[in-house]
Amino acid sequence: MKLLLLLLGLAAAASHAIPVFPDVHEVYANGEDENPLMNLGSDANLIEGDILLPEGRNALIDKRYRWTFPIPYILGDDLDLNAKGCVHQAFEMYRLKSCVDFKPYEGEKTFIKFEKRGGCFSSVGDQQNGQILSLGVGCDHKAVIEHELLHALGFYHEQSRTDRDDYVDIWLDQVIPGMEHNFNKYEDDFITDQNTAYDYESIMHYRPFSFNKNESAPTVTTKISVFNNIIGQYLDFSRMDILRLNRMYNCSGPLTLLDQCAFESDSVCGMIQSTTDDGDWVHTKSRPGVEDHTLLGRCRDAGHFMHFDTSSGPPQASALLESRTLYPRRKSQCLQFFYKMTGDPQDRLVVWLKVDDGTGSVRKMSKIHTFYADSDHSWKIAHVPVASTVKFRYSLQAVRGGATPMAGATPMAGAMPMAGATPMAGVYVDDVTLTETQCPGAVWRIQNFSRVMETADANTYINSPPFYSAEGYAFGVSLRPRSGYRDYTGDYAGLYFHLISGENDAVMDWPAVNRQARLVVMDQDPDVTMRMSTARSLTTDLTTMADGRLLWDDPSKVGTLDPSCSCYRGASWGWSNFVKHFDLRRRSYLKNDDLIVFVDFEDITSLVKTEVPIQPRPV
Ligand SMILES: *[C@@H]1O[C@H](CO)[C@@H](O)[C@H](O)[C@H]1NC(C)=O
Ligand SMILES: *[C@@H]1O[C@H](CO)[C@@H](O)[C@H](O)[C@H]1NC(C)=O
Ligand SMILES: *[C@@H]1O[C@H](CO)[C@@H](O)[C@H](O)[C@H]1NC(C)=O
Ligand SMILES: [Zn+2]
């Protein structure tokens with residue numbers, strides 16, 4: 001017992017971290033990315049902040065300004081390497097949520113050329129003879145590029161809709177003189193709302209303080225005041241942004257989403273139960289104390305999950321749940337799901353892949369991953385990389401590990417009626433998503449996060465454990481639950497990336513340059529197309545520190561010893577304004593009170609030289 005208390009004490013100390021390691025720096029020391037879409041200093045001929053003045057009449061109703069897919073693109077070599085990496089991230093979001101696709105330019109008449117000019121801006125619609133999309137300083141941000149590409153695809157700002165005065169007040173007397181044209185609105189014979197309601201959450205909406213002359217007087221306020229904190233969000237596309245995009249381009253479905261299931265309907269998304277095993281997964285409705293992951297008890301008598309009871313039955317009893325047949329377009333996929341295991345530590349959840357055996361029938365089985373129960377009985381996220389180029393099914397097999405009747409697990413188990421002690425002991429699965437995207441390289445889950453936010457102060461840092469990149473570099477992130485950055489919405493959490501000394505360091509390349517670190521705070525919405533996960537990225541380079549040492553050099557040479565991991569951590573770089581507390585408390589960022597962070601660290605040297613000459617193909 002004493003040991004247990006001691007361990008608990010240590011855990012508490014770690015999560016209220018004494019700054020072991022306060023070597024933390026801001027990527028944007030001058031706040032360049034605070035509102036990169038305003039482009040106040042740009043000399044480009046811009047209207048509405050970031051729209052390049054079109055040469056002729058340009059109507060989004062006019063079908064001539066619609067693109068055909070895939071859209072050819074060129075990444076100009078004047079772009080920052082980090083911006084190039086972010087363009088690819090934005091492309092992947094379009095492919096995950098719509099039918100918009102992009103391809104490298106090969107002499108087509110029309111294309112988008114990304115260049116680094118003064119600010120972030122774009123033209124609206126396909127100009128049909130090649131056009132510039134500028135990503136200047138501070139525009140190397142997935143959401144900013146999504147916004148600019150929505151302009152290029154034919155969308156204006158939300159607050160320029162014909163009916164905007166019903167939803168927002170524009171305070172022209174608070175606008176910097178000469179900037180009033182940024183608040184133009186357009187008639188409905190010029191732009192179309194695709195028969196959708198005004199969307200305060202659109203990624204195309206201005207922020208309250210856009211083009212303001214008085215730093216405490218907003219220029220845009222919402223008629224429904226709760227939305228003042230929401231307008232101008234830079235997380236990701238809103239539900240409505242996606243709906244409009246898909247309507248404008250007649251998308252029948254997203255390109256890289258193969259399957260997802262929240263198990264809300266009895267049809268369980270076409271999954272089937274194997275008939276050759278001992279038992280079945282049971283489609284189960286939430287009840288107090290035993291909640292699903294989709295709704296997590298937020299609605300009474302709703303929310304379902306799949307459950308396999310392991311509290312009784314023969315040892316090794318199992319149940320297999322198989323997906324319908326899926327047809328991949330790419331070479332690799334990522335299976336993501338939430339699971340919970342509340343039974344014996346020998347209980348297992350096995351993920352199987354069944355592929356076309358070459359004769360057209362899907363029956364060649366392979367085991368791809370096994371999860372075991374542990375003392376943590378809460379919902380956890382899982383990622384399993386899949387690599388299939390031929391049609392396949394994935395299967396989830398729950399296996400009972402313990403001997404009858406649950407004896408031998410712990411000395412006390414025999415004396416305890418397990419089924420009573422652990423309600424519905426067994427294996428639970430919910431919110432499955434299969435996408436043709438890369439699984440995150442590292443996943444960090446921080447539990448009880450709303451409490452952490454409440455008790456933290458600006459000196460609270462929580463360091464992640466070390467993670468390894470595919471190449472072999474060790475890295476980590478530092479989270480500041482309350483970073484000290486504040487605005488009209490309240491506090492922010494900060495997130496910072498650093499290298500860590502690791503087991504491969506002797507053979508790694510130092511300094512580690514041209515690697516992009518991508519940090520994501522996950523929105524746990526069950527529907528992947530509706531998720532508004534927030535992301536930031538930085539790319540390592542040859543920067544030197546004040547003492548002349550290379551910033552991204554071997555951390556055991558340039559870092560600080562962290563006794564909690566017996567490892568050296570390099571300096572951390574990141575963003576004190578990574579995510580608003582206001583946002584964390586809405587949507588599904590803190591489902592289960594878990595904050596889930598994804599981190600990738602990937603070589604993007606292949607993007608150093610990407611520019612190709614504009615050479616129209618002879619027709
Ligand atoms: C700026 O706005 C605040 C709040 O509306 C107001 O109190 C203040 O007088 C304004 N300052 C100037 C210089 O107009
Ligand atoms: C979408 O479908 C409508 C109706 O069939 C058609 O008029 C329109 O041109 C299509 N739009 C695109 C971008 O293909
Ligand atoms: C989270 O909070 C609950 C309730 O206060 C507590 O039982 C649990 O141990 C905490 N979990 C962690 C990982 O701190
Ligand atoms: Zn814009």
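**View 1. Asn 195 in the loop between strand E9 (168-170) and strand E10 (220-222).** This view, like the others, is taken from a predicted model. The phi angle of Asn 195 is near 55°, a positive value in a residue other than glycine. Asn 195 has a relative accessible area of 70% and therefore counts as exposed, the cut-off being over 50%.

**View 2. Ser 566 in the loop between strand E30 (560-562) and strand E31 (567-569).** Ser 566 is not a glycine, yet its phi is positive, near 45°. With a relative accessibility of 63%, Ser 566 is exposed.

**View 3. The cis peptide bond from Phe 69 to Pro 70.** Omega of this bond is near -5°. Pro 70 belongs to the loop that runs between strand E3 (51-52) and strand E4 (71-75).

**View 4. The cis peptide bond from Trp 510 to Pro 511.** Here omega is near -10°. The loop that holds Pro 511 lies between strand E27 (490-500) and strand E28.

**View 5. The largest pocket, with a volume of about 980 Å³.** The lining consists of 38 residues, and those closest to the pocket centre are Glu 92, Met 93, Thr 437, Gln 438 and Arg 518. Two or more lining residues come from each of helix H2 (81-97), strand E16 (333-341), strand E21 (426-435), strand E28 (515-521), strand E29 (534-539) and strand E33 (595-603). Helix H2 gives the largest share, eight residues. By residue class, the lining holds 12 nonpolar, 14 polar and 12 charged residues.

**View 6. Two stretches with pLDDT below 50, seen against the rest of the protein.** The average pLDDT of the protein is 88, and 88% of the residues score at least 70. Residues 55-59 fall below 50, and this stretch makes 10 contacts in the model beyond near neighbours in sequence. Residues 406-421 also have a pLDDT below 50, with 12 contacts beyond near neighbours in sequence. Predicted coordinates should not be read in detail where pLDDT is low.

**View 7. The whole protein, as a setting for the close-ups, with eight helices and 33 strands.** The protein has 619 residues, of which 56% count as buried. Among contacts between residues at least 6 apart in sequence, 77% join residues at least 24 apart. The exposed area of the protein is about 26300 Å², and carbon and sulfur atoms supply 54% of it.

Key. Residues numbered from 1 in each chain as written. Chains lettered and ligands numbered in written order. Predicted model: local features only at pLDDT ≥ 70, side-chain atom pairs only at ≥ 80, totals over all residues. Heavy atoms only, no water. 1 Å grid on protein atoms, 1.4 Å probe; cavity = no way out; pocket = protein on both sides within 12 Å on 5 of 7 lines; lining within 4 Å. Points joined across faces, edges and corners; volume = space filled by probe spheres on them. Helix = DSSP H or I, 4+ residues; strand = E, 2+ residues; numbered from the N terminus. Nonpolar A, V, L, I, M, F, W, Y, C, P; charged D, E, K, R; others polar. Buried < 20%, exposed > 50% of the residue type's maximum accessible area, 1.4 Å probe, protein only. Contact = heavy atoms within 4.5 Å. Areas by Shrake-Rupley, 256 points an atom, 1.4 Å probe, with all protein chains shown as cover. pLDDT = per-residue confidence, 0-100.
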